[in-house]
Amino acid sequence: QVQLVESGGGLVQPGESLRLSCAASGTIFSINEMGWYRQAPGKERELVAVTRVGSTTLANSVKGRFTISRDNAKNTVALEMNSLKPEDTAVYYCYIRGTRGIDYPTRDYWGQGTQVTVSS
């Protein structure tokens with residue numbers, strides 16, 4: 001079993017900051033990538049940020065404001081969100097793409113989601 005536990009969501013005012021954290025636990029053999037998606041009410045889930053070995057990708061809408069970081073030793077990934085805007089309001093989901101062992105397929109594992117609300 002692989003479990004992802006997120007923390008750090010909440011209600012903030014426009015311009016403020018939040019830090020989301022995600023910790024993966026369980027039987028994990030290797031992780032190819034770690035990242036964050038978000039889903040706002042009435043919208044499809046969208047990629048926010050992903051980190052792979054040697055590269056990081058951020059959605060255009062968050063470039064310059066959000067930073068993703070990863071601790072391979074602890075199997076954790078964090079999303080530092082600055083200058084938050086009302087349009088950043090969404091449920092944020094952590095995910096990892098990896099495998100439980102050499103005889104297991106690579107697949108995505110998801111967290112339960114954490115609400116981020118940006119409102120004055």
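This report walks through a four-stranded sheet, two loop residues and a buried glutamate in a predicted model.

## The sheet

A good place to start is the open sheet, which has four strands in the order S1-S3-S8-S7. The pairing is antiparallel. Strand S1, covering 2–7, and strand S7, covering 66–71, are the edge strands, and each of them pairs on one side only. From one strand to the next, the twist averages 15 degrees. As background, strands of a sheet pair through backbone hydrogen bonds, and they can do so in a parallel or an antiparallel way.

## A look at S7 and S8

Let us take one end of that order, where S7 is an edge strand. Its partner is strand S8, made of residues 76–81, and six bridges link the two in the antiparallel sense. To find a matching pair of residues across these strands, look for Ile68, which stands opposite Leu79 in S8.

## Two loop residues with positive phi

Next come two residues with a backbone feature worth finding in the structure. Most residues other than glycine have a negative phi. Asn75 is not a glycine, yet its phi is positive, at about 55 degrees. You will find Asn75 in the loop between S7 and S8, and its relative accessible area of 22% makes it partly exposed.

Ser83 also goes with a positive phi, here about 50 degrees, although it is not a glycine. Its place is in the loop between S8 and strand S9, which covers 90–99. With a relative accessible area of 39%, Ser83 is partly exposed.

## Glu33 and its surroundings

Now move to strand S4, residues 30–39, where Glu33 lies. Is Glu33 buried or exposed? Glu33 is buried, because its relative accessible area is 7% and the cut-off for buried is under 20%.

Which side chains make polar contacts with the side chain of Glu33? One of them is the side chain of Arg52, at 2.9 Å. Another belongs to Tyr95, whose side chain is joined to that of Glu33 by a polar contact of 2.6 Å.

The wider surroundings of Glu33 can be traced too. Leaving aside neighbours within four places in sequence, Glu33 is in contact with Val50, Thr51 and Arg52, with Arg70, and with Tyr95, Ile96 and Arg97. Arg52 and Tyr95, the partners in the polar contacts just described, are thus both among these residues in contact with Glu33.

Key: Residues numbered from 1 in each chain as written. Predicted model: local features only at pLDDT ≥ 70, side-chain atom pairs only at ≥ 80, totals over all residues. Heavy atoms only, no water. Pairing = 2+ DSSP bridges. Axes fitted to C-alpha atoms, helices over the stretch in contact; angles between N-to-C directions. Buried < 20%, exposed > 50% of the residue type's maximum accessible area, 1.4 Å probe, protein only. Polar contact = N/O pair within 3.5 Å; in protein donor to acceptor, adjacent residues only side chain to side chain. Contact = heavy atoms within 4.5 Å.
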